[in-house]
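Colleague: I would like to know what stands behind the labels used for this model. Please take me through them one at a time.

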Amino acid sequence: MISLKSLISENINLSTKVTDTISFLNKNENKKVLFLTTSTRYPYNTKYDKGGVEIELPKSTELAFYIKNNIKNNSLIMDIPKLNIMSCEGNVSHKDGNTCGVKDSILKSSEKNPSGYHRCWASVNNESDELWRVSKDIFDSDIILFFASIRWGQANAQYQKLIERLTWLENRHNTLGEENILNNKQAGFICIGQNWNGLNVVNIQKKVLKFYGFKTPSQLFWNWQYTENELDESQESYKKAYQKFHTDSKIPTKLKTL
Ligand SMILES: Cc1cc2nc3c(=O)[nH]c(=O)nc-3n(C[C@H](O)[C@H](O)[C@H](O)COP(=O)(O)O)c2cc1C
C-alpha cells in the first residue's frame, strides 16, 4: 500500500515551495489564476503598549497575496469568509438517490449564472447566498488555488464549507453522467499549520480536487507547519511561528499599525 506521506515530499523547504509555485504559474502566464483564501484569523492585534492596533493577515492569506504579486498572470483574489455562503444541503443521499446538481437545480439568473453551469439547491433556496460569486470566477479562470489553515487536524471550516457547496461540480460527471466541466482547469491547495497533520490534509485535498475533475499539478500542493512535534502546544512556539514562517518563506514581514 502506498502511504499518504509518500505522495507529497515533506523535505522541500518553504521558500523553494513558494518559488516553484510562482515559476509554475509564470510558465503558464496566459492562464488566469483565481486565489481563494479561507482563514478567518482575526487580523487585528491590539498593541496597548504602543498605543495602536497592529494588522496581521493570516499566514495563508499573506502567502496568497505574495504569490499573486509575483506572477505575470491575470489573477483575482477572493476572501471566502467575507461572502455569505450557506451550508451545504447534502442532497447527495436521499431515499430516491442523489439530487445534487440535477438539471432542476439550475440557478436562474443571467447575472449570477451567465455560464448556465451553476446548479445547486442551496443557491436556489437562498436568495442571499453568494456561492455564485465564486462559481462565476471559477468558470472564468484556468487555475484555481485554494488557501487554508489547519484546524483540529483538518482544513478550516470555511474551506470545508466551500468544498461541500461545490459538490455539484463533481456530481455532474461522476454521478449524473454529464460532461466534466472542470476538465481544462487546474487546481491547487496550500495550507498552513502549527504542529499537526498538515501533510495528510494536503494529500486528501489533492485527491478531493482530482475527484472534482481538476488537473492537480504537484507544484500547486504543499503545506507549511511550524513543528513536526504534535505535542508542542507551548506559548513559546506560537510566538516563534510568525517569524519562522517569514524566515522560511523569505517573505518580508509587513505589519501595519493603525
Ligand atoms: C481552532 C484551531 C485549531 C487548530 N488546530 C490545529 C491543528 O490541528 N494542527 C495544526 O497544525 N495547527 C492547528 N491550529 C493552528 C493554525 O493552523 C496555525 O496557527 C496556522 O498558522 C494558522 O494559519 P493562518 O494564519 O493562515 O490562519 C489550530 C488553530 C485553531 C484556531
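The exchange below deals with one strand, its partners and the ligand shell.

Modeller: Keep in mind that this is a predicted model.

Colleague: Why is strand S5 called largely enclosed?

Modeller: A residue is buried if 20 or more other C-beta atoms lie within 10 Å of its own. In S5 (residues 143-151), 8 of the 9 residues are buried, so the strand is largely enclosed by the rest of the structure.

Colleague: What makes S1 and S7 partners of S5?

Modeller: Two strands pair if DSSP finds at least two bridges between them. S1 (residues 33-37) is joined to S5 by 5 bridges, and S7 (residues 186-193) by 7, so both count as paired under that rule. S1 runs parallel to S5, and so does S7. On the S1 side, Leu 34 has Ile 144 of S5 as its bridge partner; on the S7 side, Ser 149 stands opposite Ile 192.

Colleague: How do you know that S6 pairs with S5, and in which direction does it run?

Modeller: There are 2 bridges between S5 and S6 (residues 154-155), and the two run antiparallel. At least two are needed, so S6 qualifies. Arg 151 stands opposite Gln 154 in S6. The two strands form a hairpin with 2 residues between them, and Trp 152 in the turn has a positive phi of about 45°.

Colleague: Which element gives the most to the shell around the ligand?

Modeller: S5 does, with 3 residues. Ser 149 is among the residues that come nearest to the ligand, as are Ser 39 and Gly 193. The shell divides into 5 nonpolar, 10 polar and 3 charged residues.

Definitions and conventions:
Residues numbered from 1 in each chain as written. Predicted model: local features only at pLDDT ≥ 70, side-chain atom pairs only at ≥ 80, totals over all residues. Buried ≥ 20, exposed ≤ 12 C-beta atoms within 10 Å, placed from the backbone. Helix = DSSP H or I, 4+ residues; strand = E, 2+ residues; numbered from the N terminus. Near = placed C-beta within 6 Å. Nonpolar A, V, L, I, M, F, W, Y, C, P; charged D, E, K, R; others polar.
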